[in-house]
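Visitor: I should like a close look at one part of this model, followed by an account of how that part sits within its surroundings. Which residues lie there, and what do they touch?

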Amino acid sequence: MVTALRNTLRNIVRPLRWFYLCKIVGINLHPSSIVSLGAFIDRTRPTLIYIGRETIITRGAVVLSHDFTRSKTKPTLIGDCCFIGANAVVLPGISIGDHSVIGAGSVVTRNVPPHSLAAGNPARVFRTIQTGAYGRISDTI
């Protein structure tokens with residue numbers, strides 16, 4: 001009963017969150033992507049953030065498009081079918097390739113090629129993977 005109620009509420013809130021992030025804030029977010037309510041998407045230059053289709057950004061993750069300390073403002077690109085783990089930080093100017101997974105707590109300081117599993121601080125690529133929708137790992141290449 002509680003699970004059904006939670007899922008119903010989630011299905012109501014998800015499109016509202018997408019509408020808020022895209023139409024009010026101005027982030028370039030594909031309609032099939034999911035951004036957790038607990039994720040932080042930079043609102044200083046939101047038009048410089050691009051999130052591809054069937055990508056999920058989980059709780060506590062931070063996606064930035066500007067760095068005040070270095071006076072840096074650059075586009076941040078997250079590809080299709082990606083998974084950004086809990087409490088991961090994606091710095092400005094970073095490009096994460098399609099079908100990539102970023103591990104929980106990672107700090108992404110360099111571009112991540114497509115079909116990669118990256119983790120750590122700073123994040124480094126551990127292996128090549130194949131993912132399906134929302135970054136679900138289906139097989140290694």
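**The cysteines and their surroundings**

Guide: In this predicted model, a search of the whole structure finds zero disulfides. Cysteine 22 takes part in none, and the nearest cysteine sulfur to its own, that of cysteine 82, lies 17 Å away; a disulfide would require the two sulfur atoms to be within 2.5 Å. Cysteine 82 is likewise in no disulfide, its nearest cysteine sulfur being that of cysteine 81, at 7.4 Å. Cysteine 22 counts as buried because its relative accessible area is 14%, which falls under the 20% limit. Cysteine 82 is also buried, with a relative accessible area of 0%.

The surroundings of cysteine 82 are conveniently approached through serine 100. Not counting residues up to four places away in sequence, serine 100 touches Cys81, Cys82 and Phe83, together with Val112, Pro113, Pro114, His115, Ser116 and Thr131. Serine 100 belongs to the loop between strand 12 and strand 13, yet its relative accessible area is 0%, so it is classed as buried. Its side chain reaches the backbone oxygen of glycine 97 at 3.1 Å.

Histidine 99 is placed in that loop too, between strand 12 (95-96) and strand 13 (101-102). Its phi is near 60 degrees, a positive value in a residue other than glycine. With 16% relative accessibility, histidine 99 is counted as buried. A further positive phi occurs at glutamate 54, near 50 degrees, again in a residue other than glycine. Glutamate 54 lies in the loop between strand 4 (49-51) and strand 5 (56-57), and its 24% relative accessibility makes it partly exposed. Another loop holds a backbone feature of a further kind: a cis peptide bond joins asparagine 121 and proline 122, with omega about -5 degrees. Proline 122 is found between strand 15 (116-119) and strand 16 (124-131).

From these loops one may turn to the nonpolar interior. The largest nonpolar core has 25 residues, of which Ile57, Ile78, Ile84, Ile96 and Ile102 touch the most other members. Helix 1 (2-25) and strand 4 each supply at least two residues of this core, and helix 1 gives the most, with three. In soluble globular proteins, nonpolar side chains tend to be buried together. Isoleucine 57 illustrates the packing: beyond its neighbours up to four places away in sequence, it touches Ile34, Val35, Ser36, Ala39, Ile41, Ile51, Val63, Ile78 and Ile84.

Val63, one of the contacts of isoleucine 57, is also among the residues touched by threonine 76. Threonine 76 is found in strand 9 (residues 76-78) and is counted as buried, at 0% relative accessibility. Its side chain makes two polar contacts with backbone atoms: one with the oxygen of leucine 64 at 2.5 Å, and one with the nitrogen of glycine 93 at 3.4 Å. Residues up to four places away in sequence aside, its contacts are Leu48, Ile49, Tyr50, Val63, Leu64, Ser65, Val90, Leu91, Pro92, Gly93 and Ile94.

The strand pairing supplies the next level of organisation. Four strands form an open sheet with parallel pairing, in the order 3-6-11-14. Strand 3 (40-41) and strand 14 (107-108) stand at its edges; each has a single partner strand, so one side of each is left without a neighbour in the sheet. Strand 3 is joined to strand 6 (residues 62-63) by two bridges, and these strands run parallel. Within this pair, phenylalanine 40 stands opposite valine 62.

Finally, the chain as a whole contains one helix and 17 strands. Its C-alpha atoms fill a box of roughly 45 × 40 × 20 Å along the principal axes. The radius of gyration is 15 Å, in agreement with the value near 14 Å for a compact globule of 141 residues. Of these 141 residues, 40% count as buried. Of the contacts between residues at least 6 apart in sequence, 27% join residues at least 24 apart.

Note on methods:
Residues numbered from 1 in each chain as written. Predicted model: local features only at pLDDT ≥ 70, side-chain atom pairs only at ≥ 80, totals over all residues. Heavy atoms only, no water. Pairing = 2+ DSSP bridges. Buried < 20%, exposed > 50% of the residue type's maximum accessible area, 1.4 Å probe, protein only. Polar contact = N/O pair within 3.5 Å; in protein donor to acceptor, adjacent residues only side chain to side chain. Contact = heavy atoms within 4.5 Å. Core = buried A, V, L, I, M, F, W, Y, C linked by side-chain atoms within 4.5 Å. Rg over C-alpha atoms; globule rule 2.2 N^0.38 Å.
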